[in-house]
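Some terms in a structural description rest on a value and a cut-off. The turns below take a few of them and ask what stands behind each.

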Amino acid sequence: MIAERLAEFLSFSDPILLSVTLGVVLLSSTSAIVGTFTFLRKQALVGDAVAHSVLPGICLAFIIGESKNPIYLIIGAFITGWLSINLIHKITKTTRLKEDTAIALVLSVFFGVGIVLLTYIQHSGIPGHSGLDHILFGQAAAITRSDVHVFGMVSILLITSVLLFYKELKTTAFDSDFARSAGMKVSFADLMLTTLTVLAVVTGIQAVGVVLVAAMLITPPAAARYWTHDLPLMIILSAIFGAVSGFMGTLASYVLPNMPTGPWIIVTITGIAFFSFIFAPGKGVLFRLYHQFKVRRRMLTENVLKDMYMAGEKRGNHNNAFTLPEIAAHRRMHKEKLQSGLNKLYLDRFLKKDENGWHFTISGLNKARRLVKIHRLWETYLTRYVGIAPDHVHDDAEAIEHYITPELEKKLTDELDRPEKDPHESEIPYD
Amino acid sequence: MDAFFVILTGSLVAVTCGILGIFLMLRRMVMIGDAISHSVLPGIVIAFLISGSRDGLAMLIAAVITGLLTTFIIQFIHEKGKLQADASIGVTFTWLFAIGIILISVFADYVDLDQECVLYGEIAYVPIDLWILPSGIIMGPRSVYMLGTVLLIVVITILFFFKEFYMVTFDQDFAVSTGLSVTLWHYILMALISLTTVASFESVGAILVVAFLVAPPASAYLLSDDFKTIIILTVFIGIIVAISGYFLAVYINSSISGSMTVMAGIIFAIAWLLAFRRRNFQKSLKIIKF
Amino acid sequence: MIIHVDQPVVEVHDLTVTYERRPVLWDIDFTLPGGILAGIIGPNGAGKTTLIKAAMDLVVPGSGFVRLFGKSLKEVRSKVSYVPQRRTVDWDFPASVYDVILMGTYPSLGLFRYPRKAEKELALDALRKVELEDFKNRQISQLSGGQQQRVFLARALTQNADLFFMDEPFAGVDAATEKTIIKVLQELTSHGKTVVVVHHDLQSVAKYFDWTIMIHSRLIASGPTSQVFTPELVEKTYGGKLDLLTEVAHLLQTEKLPPRED
């Protein structure tokens with residue numbers, strides 16, 4: 001049964017189904033595009049407030065117009081949605097209430113008014129009211145052909161506006177103070193963003209409903225943020241994520257009986273966001289853990305190299321084999337850890353192994369010497385310039401020696417004028 | 001009698017939410033309260049499926065677990081995922097709420113909750129949903145008992161730990177410097193919010209409960225500068241909202257909880273207006289203080 | 001120049017603190033004797049606030065530790081008082097001057113106990129000391145910046161501590177308040193208490209402080225003001241930028257590297 005419906009869906013042989021799917025995908029990606037700016041402007045929850053506040057507008061439009069003509073409903077929704085944003089600003093400006101209180105207040109009271117109107121409509125039996133409650137959770141199946149046309153037009157309008165006012169939107173989204181000081185019309189860009197947000201919410205509602213439409217604005221950009229810092233790319237990614245989830249939502253509600261579309265769209269998009277949060281290169285959690293692991297391993301192997309070098313200094317040559325106890329004499333380190341460090345160095349060909357013990361390769365010896373040099377240079381720098389006592393500099397240098405880039409190394413050598421000895425009178429090895 | 005129970009339920013919701021709402025408002029965490037009120041939904045549905053009834057205790061336990069989980073997820077995404085605070089809240093609660101709705105749809109045959117009820121509750125059914133003892137004695141509406149218990153828990157906790165809540169709310173750094181754990185008190189507050197939202201859920205729903213959390217405290221805060229007076233005013237406003245909202249609903253034949261929210265909005269508008277006047281004629285108008 | 005003392009009241013040992021992975025304090029190491037009024041000075045962003053936050057366990061150090069009275073903060077918490085920067089709290093909070101000052105007695109009361117006569121007397125006494133008797137029931141948002149700062153000072157006084165850490169108590173206050181505050185602080189030290197103050201006004205350093213700590217990410221000097229507050233050291237604190245140190249700090253932040261091996 002389910003497989004059958006799935007096959008039917010994916011064949012797109014049904015023209016109505018096709019237009020519904022197209023409509024939802026279009027709505028989802030459009031709200032994701034606008035949402036990117038809302039997200040960057042840190043107005044995500046304002047979007048939520050707008051979403052709830054359009055309900056009374058839609059109901060009023062229905063009562064007055066006595067029809068579910070999408071144009072009427074959009075106009076009604078636009079008026080109350082727009083009003084809600086302005087009310088939030090007005091409250092925070094004229095009272096000591098903070099933004100979160102103002103948002104929650106406007107959101108819930110407007111929604112309450114909407115519920116009163118909605119139940120009033122249901123009780124009074126105005127003809128054609130059935131289906132109006134779909135705006136609460138969205139019902140893709142209820143979207144008609146003419147709806148799709150209207151929403152297609154709104155989507156095109158939104159995307160064109162974003163393209164036209166891209167520069168203004170971008171500047172205010174990142175830094176409204178800067179934009180103001182640069183003489184840009186922030187209030188105009190804010191008005192623009194407000195208008196776009198309201199329109200995006202109004203269209204998104206058809207797909208996911210009043211309660212969840214905020215996620216259509218917030219979650220796609222939140223997911224995209226993990227993949228890129230580049231704004232145009234972020235917008236495109238958000239739009240794709242939005243589209244994919246719109247498609248999945250429609251599919252779920254078609255294939256599974258009695259399933260609302262909205263929640264499935266949201267679950268999909270949040271799934272994408274969580275996936276990004278864990279797996280995205282650079283900002284994802286796994287990647288950061290891996291990075292930490294790599295830094296730790298680098299510290300381990302470099303410490304082993306350094307310890308070998310210093311053991312060599314002690315006995316006066318670096319060419320003969322080093323025994324395990326010799327290497328381990330310098331610091332407390334677990335035997336297994338030391339062994340794994342040695343193995344890694346062996347694999348990287350910094351060390352060789354024979355029956356007497358471990359040997360440096362040429363590049364291994366160079367690397368070891370460089371590390372010891374940087375360690376001692378940094379100790380010298382800390383005592384000489386930063387004014388830290390010689391007996392306190394070792395721990396700091398133990399970490400920093402692993403990070404110094406060749407450029408910093410050169411600067412360090414120059415600034416200290418190539419010193420011969422470190423604060424502990426150990427010789428600094430140069431090539 | 002039915003009217004009495006509806007108004008009583010509304011008042012219990014308004015008072016419990018209002019008291020907690022004051023702390024949320026002053027800590028700038030109202031939207032986390034909003035998030036919890038949505039995200040307890042999957043917890044409720046799961047508790048329903050496991051216990052097979054609207055048994056109060058199972059619901060309350062599930063509420064605390066999901067509420068704290070929500071707070072934790074928001075914190076986690078914000079700190080570990082480096083996602084800005086507002087977006088962390090938005091992503092988390094919409095996701096949990098969506099899961100709740102899907103669960104309701106999947107288990108529609110087993111769970112006695114419909115989607116609309118989730119949003120704005122069914123306070124009108126409160127008087128018919130009675131608590132009947134095995135011996136057959138009718139104890140009265142179930143919701144009233146559940147809400148009464150939660151109110152008691154909230155009031156006792158706040159009374160006992162008023163000092164700690166007060167310090168943590170006003171000056172976090174100072175509170176920490178004296179050895180208090182801001183995190184612990186944060187989670188206690190969130191647990192109380194979760195209890196309250198779930199207990200109020202059936203009567204006023206997920207979104208309107210936010211109105212009860214925010215509107216009475218916000219109105220009281222505009223009218224007074226004194227903490228204790230704000231608490232008393234909040235309780236008072238909450239009860240007025242419940243009574244007037246009920247009669248408005250009867251008059252226009254509409255949703256009761258929705259009408260209560262409308263009244264909460266109207267009272268806020270009046271308080272706002274008075275606050276304007278108070279600012280302009282600071283000397284002529286005395287600050288309310290009990 | 002760093003002058004150490006025996007049996008210090010405050011001992012900062014090898015303290016390194018990172019903020020969002022950027023080291024803001026490197027290897028800070030100094031000791032303070034008891035019964036002094038000490039000033040921490042340094043340019044903006046030098047880590048002054050971070051230093052006293054580290055002393056109060058409000059930030060977690062990357063390495064090193066702070067000992068107060070030879071013990072960890074946990075053991076001596078009741079003897080230590082902290083005054084945050086004025087702008088860290090919301091002054092719209094519904095509280096009166098007296099409410100906030102009384103808060104200083106809360107820590108010593110512990111759970112379930114509320115202020116009685118003794119605590120109230122203590123609060124009233126503090127109110128008098130900072131010369132705010134007339135403002136007892138005033139809502140805190142209706143105070144001037146200087147008055148708000150005095151409320152914070154009074155709250156600290158009711159804690160009956162022996163050691164005080166204050167973050168910028170002289171920032172943005174009027175001349176009268178500055179005089180009152182310094183009088184109160186000097187009275188504290190004359191009773192053998194120790195006061196450590198984050199300060200930004202170089203003009204008054206010599207006049208106010210017995211001891212001066214100069215930092216700019218690293219410690220430049222710590223010692224009696226007469227010895228360390230010299231034009232050379234001031235120049236070194238405010239002038240000399242350490243490009244290399246800044247570059248390395250930046251590297252740690254961008255590459256997400258830990259400041260210490262663990």
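Q: How far apart do the C-alpha centres of domain 1 and domain 2 of chain A lie?
A: In this predicted model, the two centres are 60 Å apart.

Q: What sets the bounds of these two domains of chain A?
A: The bounds come from an automatic or database domain assignment, which gives 15-214 for domain 1 and 284-431 for domain 2.

Q: Why are H2(B) and H4(B) called roughly parallel?
A: Helix H2 (residues 30-51) and helix H4 (residues 85-106) of chain B pack at an angle of about 25 degrees, with axes 8 Å apart. Angles under 35 degrees count as roughly parallel, and H2(B) and H4(B) are therefore given that name. The crossing of H2(B) past H4(B) is left-handed.

Q: Which residues make the contact between H2(B) and H4(B)?
A: Among them are Met31(B), Ala35(B) and Leu41(B) of H2(B), and Phe93(B), Leu96(B) and Gly100(B) of H4(B). By class, the contact has 13 nonpolar, four polar and no charged residues; Gly counts as polar here.

Q: What makes E1 and E2 of chain B a strand pair?
A: A pair needs at least two bridges. Three bridges join E1 (residues 130-132) to E2 (residues 138-141), so the condition of at least two is met. The two strands run antiparallel, and Leu130(B) stands opposite Pro141(B) of E2(B).

Q: What lies between E1(B) and E2(B) in the hairpin?
A: Five residues separate the strands, and Gly136(B) in the turn has a positive phi of about 100 degrees.

Definitions and conventions: Residues numbered from 1 in each chain as written. Chains lettered and ligands numbered in written order. Predicted model: local features only at pLDDT ≥ 70, side-chain atom pairs only at ≥ 80, totals over all residues. Helix = DSSP H or I, 4+ residues; strand = E, 2+ residues; numbered from the N terminus. Axes fitted to C-alpha atoms, helices over the stretch in contact; angles between N-to-C directions. Parallel < 35°, antiparallel > 145°, perpendicular 65-115°, else oblique. Left-handed = near helix turned anticlockwise from the far one by under 90°. Contact = placed C-beta atoms within 7 Å.
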